[in-house]
Amino acid sequence: MIELTHIKDYEQSTMEDFFGDKMEELTDRERLMEHGHIVTLNGEQQGFVALVPVEEGSIWLRSLYFQSGVRPELVLTLFEVLQQHVEEQGLGKLFVFSHQRTLEPLLETYQYQQIDSSDVPVKDEDRPAQTGNWWCYTSKAI
């Protein structure tokens, strides 16, 4: 079973252990700690996501990291878990920025809609520097 557990429920060393040498490369660590969640599968840490609020009732999947060698099915299932999280939290939208074309068919499968960047409530200074596309999942509860 996949679970999202807020990083604040762990010791600081958990994040350091998870990211290892890459910890120094992370930008905006404070925000990652504030909005980060460890992804566990059957009790084992498999990944990390940061779900950053961007406006009332909306979040941005700001960061997504997986341990090397993670099974592709976990990525698929994680998007289901994220949608369930949005529904359970009473949120309206989940924004995703995709800089990898290989991710986009998955987003379409899970009913994300590609949107114009001007429709994304993320400050210019917070937007990714890479070229890519914005996608949005809209809760069925809206």
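I take buried to mean under 20% relative accessible area, and I apply that cut-off throughout these entries to what is a predicted model.

Entry on Gln-83. I looked up this residue and found it in helix 3, which spans residues 72-88. Its relative accessibility is 10%, so I count Gln-83 as buried. Setting aside neighbours within four places in sequence, I find Gln-83 in contact with Tyr-110, Tyr-112 and Tyr-137.

Entry on strand 7. I turned next to residues 133-138, which make up strand 7, and noted that five of the six are buried, so the strand is largely enclosed by the rest of the structure. Looking for its partners, I found that strand 5 (residues 93-98) runs antiparallel to strand 7 and is joined to it by six bridges; within strand 7, Trp-135 stands opposite Val-96. Strand 6 (residues 113-115) is likewise antiparallel to strand 7, with three bridges between them, and here I recorded Cys-136 of strand 7 as the bridge partner of Gln-113.

Entry on Gln-46. I located this residue in strand 3, residues 44-55. Because its relative accessibility is 16%, Gln-46 also falls under the 20% cut-off and counts as buried. Which residues does Gln-46 touch, not counting those up to four places away in sequence? I listed Phe-18, Val-39, Thr-40, Leu-41, Tyr-65, Phe-66, Gln-67, Val-70 and Leu-74. Finally, I checked Gln-46 against Trp-135, 89 residues apart along the chain, and found their C-alpha atoms separated by 24 Å.

Definitions and conventions:
Residues numbered from 1 in each chain as written. Predicted model: local features only at pLDDT ≥ 70, side-chain atom pairs only at ≥ 80, totals over all residues. Heavy atoms only, no water. Helix = DSSP H or I, 4+ residues; strand = E, 2+ residues; numbered from the N terminus. Buried < 20%, exposed > 50% of the residue type's maximum accessible area, 1.4 Å probe, protein only. Contact = heavy atoms within 4.5 Å. Pairing = 2+ DSSP bridges.
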